[in-house]
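User: I should like to learn how the features of a structural model are read, beginning with its surface. Please give the general idea for each feature and then the case at hand.

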Amino acid sequence: MAAIALLCVVLAGIAALALVAALIDANHLRAPLLRFFVARTGRELRIDGPIHAHLASFTPSIIAERVQIGNPPWLPGGPTADIGRLTVSFELRPLLAGSIVMPRLEADAAILHLRRDADGHSNWQLHPPGSGGSAGPLIRSLSIPDARVALDDERRHLRFDGTVSVKDAAAVSALPLRIEGSGQLNGRPVHFEIDGQALTTVRRDRPYAFEFDERSSGSQLHGHGLLPRPFDFSVLDATFVAMGEDLKDMYFLTGLAAPDTGAYRLAGRLARRGRHFQYTDLAVSSGESDLGGTLSIETSAGRPRLEAQLSSQLLRAADLGARAAGRAPALPSGKLLPDTALPLGGIRRDDGVIDFHAQRLELGRMSFAAVAARATFDHAVLSVASLSAGVADGRLGGQLRFDATHDPPAAALDLRIVDLHLGLLPRKGAGPPPLDGLLQARIALSAHGDSLHELAAHASGEITALLPQGAIRASFAELTGMDLARSLGMLLRRDKKETPIRCGIAQFQDHDGTLTAQNLVIDSDPVLITGSGRIDLGAETFDLALRGQPKRLRLLRLHSPVLVRGTLAHPTVGIDAHRTSLTLIDRGAATDADCAALLAQAQAQDTPARPSPRAH
């Protein structure tokens, strides 16, 4: 669709050349004609073949062969168009009134070299950047058979190489205009069609309507468009519907970056006014997920600026990403975090603000309610100053900063969790949870890396979790104390009885991806549980040891730590067979922990300086 619109604008420039040529005896004044064109347009012009003019008519015409038009002065040198044979006629009366009307325009054996740089300067512009310009001429009959088009659009990341044909009936007919093209768009086969209203019916004061259809890589884009000022493509209104196997394939239709998804449907409206694009009534669905809202893009000031207001009833991580699209590379056995490089092109290229709200967000087995976030990105720095969500009857809030101004990018996260109800977290099996209570937690980390795995493997900071009171399954508490008779009896009976937790504290220091336990205590009624060890985020492995000290008399107590090992995806629980001993009678010398002091100390230490995203 975009390539065809650009083609029409370029031909309007070619038509301006033909108009000048028609006013003089072109073969006798070829050199002055070329100089006149260069002076008026700033473009180089070559006519290597003969020029035939027919001027004795109210609709004079001209035929020029082997025409080449160069790039405008705002781009490096090179050709914009090579045309084997150009035929054009025009009406004298509108010309005297300052308007250009062409009953006929034909371009045979045409080759178009369309270019736009990252700043938005293109060789199909008829006027210098920022000058505004005007609508192109009215064309009553247009014929461009099998034009070769090479489009290189750095601004929208479009690369097209293929053929385009414009078919229109003679001026006496009222048949519609048909534009067809096929080739490779961003490395994938593409085919598109545009059906516009008959050119014979076009008027300056009436909008021009058309339909478009584009197909590539299993996706299809269909819509209706309207040009309020024919044929000024800087003012456009359109509605569209797209569907396919993966939303990311929209890149091969439009050049717009999107995430991987499963099968999707996207609909919306577009209003373009110069270099401002406004998308409204956006609605996209994939799997069980939905997303809608508005999006505006302003490209007049160098760096594109985006502003979006997006909302969702339900957004599932399982519906997003390469895995949902069936394109995810297999992760190493037991790994959770992918090594796939994060897509950084958007925040490095664009600035803007995104407001996002979701009634429910599902990340794996975790569910979050009333999610709200406001993200700003400015010169490759992404900031989320306010992130909030409800989780397990508690609240989550925090800030995120991601700095992609250098390689590898750096990130900083400061997240707080208040009154998270542990008993409501998802778990396998029925019955009461192994651990319950209202959890308070803080995660303050900084990291660097270009993938989720690299960020985790190079993270540093602190993680603190507090459980002022709660409950633990009695069988697990007794097992940590290794009261064999009591704990095994409970396990064999599948005893779901709970015992109170007086307090729980877990503090980890994270350095270069390794979480080391600094203070790990669960004080239950029968057993004081302490722990040590580390979690390696780079290797995604556990190496923790839990030791239970009974507070009352115990028979047949086995002295051995309970080991939590394995991977983050598949942890295992067992005992250390090499460090075990058996005591027939344990008097239970452990005493209650000073919970007030432990909690106060942990809260006092939970004031780390806000991590810097540049800290490596």
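Analyst: Accessible areas come from the Shrake-Rupley method with a 1.4 Å probe. The model shown is predicted. The accessible surface of its chain comes to about 29300 Å², and carbon and sulfur atoms account for 58% of that surface.

User: How many helices and strands does the chain contain, and what percentage of its residues count as buried?

Analyst: The chain has nine helices and 34 strands. It consists of 616 residues, of which 47% count as buried. Among contacts with a separation of 6 or more, 53% are between residues 24 or more positions apart.

User: How should one read the nonpolar core, and which residues touch the most other members in the largest one?

Analyst: In soluble globular proteins, nonpolar side chains tend to be buried together. In this model, the largest nonpolar core holds 71 residues. Phe160, Tyr208, Phe231, Phe240 and Leu266 are the residues that touch the most other members. A second core, separate from it, has 37 residues, including Ala389, Ala392, Ala506 and Phe508.

User: How is a pair of aromatic rings described, and how many such pairs does the structure hold?

Analyst: The description rests on the distance of the centres and the angle of the planes. The structure holds three aromatic pairs. In one of them, the ring centres of Phe210 and Phe212 are 6.3 Å apart and the planes stand at 45°, so this pair is tilted. Phe210 and Phe212 are both buried.

User: Why is the pair of Phe240 and Tyr279 edge-to-face, and in which strands do the two residues lie?

Analyst: Planes over 60 degrees apart count as edge-to-face. The rings of Phe240 and Tyr279 have planes at 80°, with centres 6.3 Å apart, and the pair is therefore edge-to-face. Phe240 belongs to strand β14 (residues 235–244) and Tyr279 to strand β16 (residues 276–286). The pair thus links distant parts of the chain, 39 residues apart. Phe240 and Tyr279 are both buried.

User: What is a disulfide, and which cysteines form one here?

Analyst: A disulfide is a covalent bond between the sulfur atoms of two cysteines. The count for this model is one disulfide. Cys503 and Cys595 form it, with their sulfur atoms 2.1 Å apart. The torsion about the S-S bond of Cys503 and Cys595 is about -75°, so the disulfide is left-handed.

User: Which parts of the chain does the pair tie together, and are the two cysteines buried or exposed?

Analyst: Cys503 lies in strand β27 (residues 498–511) and Cys595 in helix α9 (residues 595–605), so the disulfide ties together parts that are 92 residues apart in sequence. Both Cys503 and Cys595 are buried.

How values were computed:
Residues numbered from 1 in each chain as written. Predicted model: local features only at pLDDT ≥ 70, side-chain atom pairs only at ≥ 80, totals over all residues. Heavy atoms only, no water. Helix = DSSP H or I, 4+ residues; strand = E, 2+ residues; numbered from the N terminus. Buried < 20%, exposed > 50% of the residue type's maximum accessible area, 1.4 Å probe, protein only. Contact = heavy atoms within 4.5 Å. Phe/Tyr/Trp six-rings, centres within 6.5 Å; stacked < 30°, edge-to-face > 60°. Disulfide = S-S within 2.5 Å. Core = buried A, V, L, I, M, F, W, Y, C linked by side-chain atoms within 4.5 Å.
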